[in-house]
Each structure stands twice: as structure tokens, then as C-alpha cells.
Amino acid sequence: MNPNPNSRTAPPSILVVEDFELLRRSVVQWLQCRFPGCVVEGVESGEQALEHLHSARTDIVLMDINLPGIDGIEATRRIKAHAPGAAVLMLTTHDTPHHRLAAEKVGASGYVVKRDMEMQLEAAIQGLLRSRTPS
């Protein structure tokens, strides 16, 4: 993480963790348009997400569950252990109680099913950004 992770002058940062390149690029571009004041980056694996969090401040992580290597649930557990202030929003095709409970148990701040992205993702991110804004 950078030397001053609580800097109030740094723009909010969003990391998209998605192994499907076309979707990852699309979500990054969409976020850049919807949240122009945010730094938005994308990686393709849980391992890359962990590396990113070791070198850069990240406020919100959009995490897929099905990833090569470390899956999204384990990556979230590790992220919350390393950077408890980072909010992890699961963004997945899985819409089962089992997956939702697993995400909640490892500290995910929210859960959006990919088929509902258009209706739910923007509001979920806005809520997480508001909760991170100093009063």
C-alpha cells in the first residue's frame, strides 16, 4: 500500500478483478464514465489483485468469484486481512445462498449478480463511496 493510504486528497480507487478480458475492459470503461473522479484499474486474477493492493491504495474491489488460481472468495478473505478498509463488492454469475453466505463470511461489503449489473452496480458503488467519504 502507498505510504499515505488515508490521504483525503487522493481520488477514490476502484479495482475490477475479472478473468474474462472483454467484460473486465467493459466494466473498467463503464466505471470510468460513471465515476470520472475515480481511478479505475482492472486485473485478471486474485493473485494480481493481492499484488495490486500491496502497492496501491484501493477503496473498492469488484470481485468475481470464478477466477483462475485463487478464487474470489479466498482473494476477498486475504484482501480483508491485508487491507481491512478496502470494500469488496462481489460481482458474479453465482446467485445462490451458499455463495452469498461465503462472501459475507469473508467480509464482502455487497453482492451484485452480473445479470443485474445494469440495475444495481452503480448504486452499490455510490453507496460504498459515500460510506468512505470523511464527514
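**Exercise 1. Find which residue of β4 methionine 63 stands opposite, then follow the pairing across the neighbouring strands.**

Step 1. Start at methionine 63: its opposite number in β4 is methionine 90. Keep in mind that you're looking at a predicted model.

Step 2. Now look at the strands themselves. Strand β3 covers residues 60–63, and it pairs with β4 in the parallel sense over 4 bridges.

Step 3. Go on from methionine 90, and you meet tyrosine 111 standing opposite in β5. Here too the pairing is parallel: β4 and β5 (residues 110–113) share 4 bridges.

Step 4. Go back to methionine 63 and try the β1 side. Methionine 63 is the bridge partner of valine 17. Strand β1 (residues 13–17) and β3 pair in the parallel sense, again over 4 bridges.

**Exercise 2. Work out the order of the strands in the open sheet, and say which strands are at the edges.**

Step 1. A bit of background: strands of a sheet pair through backbone hydrogen bonds, and the pairing can be parallel or antiparallel.

Step 2. Put the 5 strands in a row, and the order reads β2-β1-β3-β4-β5, with parallel pairing.

Step 3. The ends of that row are β2 (39–43) and β5, edge strands that each pair on one side only.

Step 4. From one strand to the next, the twist averages 20°.

**Exercise 3. Identify the helices that link the strands in the β-α-β units around β4, and give the handedness of each unit.**

Step 1. Take β3 and β4. Together with α3 they make a β-α-β unit, and it's right-handed.

Step 2. Next take β4 and β5. The helix here is α4 (residues 97–105), and this β-α-β unit is right-handed as well.

**Exercise 4. Describe how α2 and α3 sit against each other and against the sheet.**

Step 1. Two packed helices are described by the angle between their axes and the distance between the axes.

Step 2. For α2 (residues 46–55) and α3 (residues 72–82), the axes come within 10 Å and cross at roughly 10°. Angles under 35 degrees count as roughly parallel, so α2 is roughly parallel to α3.

Step 3. Who touches whom? On the α2 side you'll find Gly46, Ala49, Leu50, Leu53 and His54, and they meet Ala75, Arg78, Ile79 and His82 of α3. Sorted by class, this contact has 5 nonpolar, 3 polar and 1 charged residues.

Step 4. Turn to the sheet. Helix α2 lies across β1, β2 and β3, and runs at about 160° to β1. Helix α3 packs on the sheet too, where it touches β3 and β4, and its direction makes about 175° with that of β4.

**Exercise 5. Decide whether threonine 92 and threonine 96 are buried, partly exposed or exposed.**

Step 1. Place them. Threonine 92 lies in strand β4, while threonine 96 is in the loop between β4 and α4.

Step 2. Check threonine 92. Its relative accessible area is 0%, so it's buried. The rest of β4 (residues 87–92) fits in with this: 6 of its 6 residues are buried. Ala87, Leu89 and Leu91 point one way, and Val88, Met90 and Thr92 point the other way.

Step 3. See what surrounds threonine 92. Leaving aside neighbours within four places in sequence, it's in contact with Asp64, Ile65, Tyr111, Val112, Val113 and Lys114.

Step 4. Check threonine 96. With a relative accessible area of 28%, threonine 96 is partly exposed. From threonine 96 to valine 113 is 9.9 Å, C-alpha to C-alpha, though they are 17 residues apart in sequence.

Technical notes. Residues are numbered from 1 along each chain as its sequence is written. This is a predicted model: local features need pLDDT of at least 70, side-chain atom pairs count only at pLDDT 80 or more; totals for chains, interfaces and linings use all residues. Side-chain values use heavy atoms; hydrogens and water are left out. Axes are lines fitted to C-alpha atoms, for helices over the stretch in contact, and angles run from 0 to 180 degrees between N-to-C directions. Helices (H or I, at least four residues) and strands (E, at least two) are DSSP runs, numbered from the N terminus. Angles under 35 degrees count as roughly parallel, over 145 as roughly antiparallel, 65 to 115 as roughly perpendicular and the rest as oblique. Contact means heavy atoms within 4.5 Å. Ala, Val, Leu, Ile, Met, Phe, Trp, Tyr, Cys and Pro count as nonpolar, Asp, Glu, Lys and Arg as charged, and the others, Gly among them, as polar. Buried means under 20% relative accessible area, exposed over 50%, partly exposed in between (1.4 Å probe, protein chains only). Two strands pair if DSSP finds at least two bridges between them. A crossover is right-handed if, with the strands pointing away from the viewer, the path from the first strand over the helix to the second runs clockwise.
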